[in-house]
Amino acid sequence: MTERIRTQIGIVGGGPAGLMLSHLLHLAGIESVVVEARSRQHVEERVRAGVLEQGTVDLMIANGVGERLKRQGLVHRGIEVRFDGGGHRIDLSELTGGRTIMIYGQNEVVKDLTDARIAAGGQIFFECDDVRAAGLDAKPSITFMSAGELHEVTCDFIAGCDGFHGVCRPSIPAGALTTYERVYPFAWLGILAAVAPSSDELIYTSHERGFALHSMRSPELTRLYIQCAPDEPIENWPDEKIWDELSRRFATIDNWQLHRGPITQKGITPMRSFVVEPMQYGNLFLAGDAAHIVPPTGAKGLNLAITDVRVLARAFEEFYRSGSRVLLDGYSATCLRRVWKVQRFSWWMTSMLHRFDGDSAFDRRRQHAELDYVTSSRAAATSLAENYVGLPMDPV
Ligand code: RFL
Ligand code: PHB
């Protein structure tokens, strides 16, 4: 027997994009159903992003899902850029008229949104198999297997919030989308360590052995990343080797010390820049990583996903309020203007900070000049700061 469900918006993917969309729609009186491939526990424990732009924080608070974030999030007013054994602080707040970022794990955002949806009686199906999006030109539907039963959600529109490896983007007919992509010749090895952070702020380090990043999740948890080869097995990186390499890359002339502690999680993430245009087809709208990927150096992926669904929620609201498709038809163009600026920034941060094998001596000197410029010119530092705290969410 097929379980049939009718809703207004069928959402594929219960990550930050899908859950925030479902929450914003609920507040606007629009029904949705979320279909998620993984278990609730898996989605809530998946360690990923950690930096929220001020716009993301403001949106969470304004929409009633910011209570825990206000208590537990760490407000940061600056970041450090480190090279040649010396640190340079970029005062984000002073350079942007008081704007800040917040350290709050993506999995905590997902927990807060899931709790809010479930408390409001929202429908989220976890552990769904064989998820398919169909009828994109006329009558959209999502089918999936859950608890051994076939389910069919019929809806007015589908939101494809199912990440880079999801099913929505591939369900669009070949030829309707143009893909823009750059794959980088390196990856990030990321660890979570049960030890107090070694600095109050994030440290982005450019070193001749490769990039390294010091971040955190709480006063007791440090998050660290190092540039590594993209095809390297994680087994090549026993804990001691990771700590030794991190210590080498973060070393300063005044003998800065990295705190070591038990590593509780390890993973390798490939790096790419990716955009599809347009971000919509018929009655399907792609949002977040389903439509674009940025390398994590600018800390933008989660924030971009949240901006997309804010634009999309408003377009659905307008449609149900007035019957007008104007905002829906303009969804992709509205998002892409900001997406490409964020792509540029993420590519630029990545290019400035990483070691590219095969770079010429000229390239290395130019990269060094870029670091020197951004840490010594107020104009250059302001450009970094403006992008890092987040460009305006509303198109200008
Ligand atoms: P997600 O989070 O991938 O969620 C998609 C959801 O869809 C589910 N799914 C399916 N569901 C049903 N049917 C299918 N066929 C499905 N296929 C997949 C998945 O299980 C998942 O739950 O995409 P979303 O919502 O667009 O959110 C995007 C962000 O997750 C991503 O951009 C960020 O994590 C990127 N990112 C960072 N972003 C930041 O803004 N700041 C950061 O500091 C930052 N650091 C990072 C990052 C990503 C990283 N990795 C691991 C990729 C650091 C790392 C290491
Ligand atoms: C993180 O804390 O996971 C993080 C911070 C900054 C980045 C990327 C990831 O640029």
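Reader: What makes Lys300 count as lying over the face of Tyr388?

Author: This is a predicted model, and in it Lys300 lies 5.6 Å from the ring centre of Tyr388. The cut-off is within 6 Å of the centre, along with a limit of within 35 degrees of the ring normal, so Lys300 is on the right side of the distance limit and is listed as over the face of the ring.

Reader: Which ring does the charged end of Arg82 sit over?

Author: That would be Trp256, with 4.2 Å to the ring centre. Again the distance cut-off is within 6 Å, so 4.2 Å passes.

Reader: Okay, on to ring pairs. Why are Phe157 and Phe319 called edge-to-face?

Author: A search of the whole structure turns up 18 aromatic pairs. For Phe157 and Phe319, the centres are 5.1 Å apart and the planes make 90 degrees. Pairing needs centres within 6.5 Å, and edge-to-face needs over 60 degrees, so both conditions are met.

Reader: What parts of the chain does the pair link?

Author: Distant ones: Phe157 belongs to strand β13 and Phe319 to helix α8, 162 residues apart.

Reader: Why is Phe157 called buried, and what is Phe319 called?

Author: Phe157 has 2% relative accessibility, and buried means under 20%, so the word fits. Phe319 has 21%, so it falls between 20% and 50% and is called partly exposed.

Reader: How do you know that Phe319 and Tyr320 are edge-to-face too?

Author: Their planes are 80 degrees apart, with 5.1 Å centre to centre. That angle is over 60, so edge-to-face it is. Tyr320, at 26%, is partly exposed. Ring pairs also tie Phe157, Phe319 and Tyr320 into a cluster that includes Phe285, Phe316 and Tyr331.

Notes. Residues are numbered from 1 along each chain as its sequence is written. Chains are lettered from A and ligands numbered from 1 in the order in which they are written. This is a predicted model: local features need pLDDT of at least 70, side-chain atom pairs count only at pLDDT 80 or more; totals for chains, interfaces and linings use all residues. Side-chain values use heavy atoms; hydrogens and water are left out. Rings of Phe, Tyr and Trp (its six-membered ring) pair if their centres lie within 6.5 Å; planes under 30 degrees apart count as stacked, over 60 as edge-to-face and the rest as tilted. Helices (H or I, at least four residues) and strands (E, at least two) are DSSP runs, numbered from the N terminus. Buried means under 20% relative accessible area, exposed over 50%, partly exposed in between (1.4 Å probe, protein chains only).
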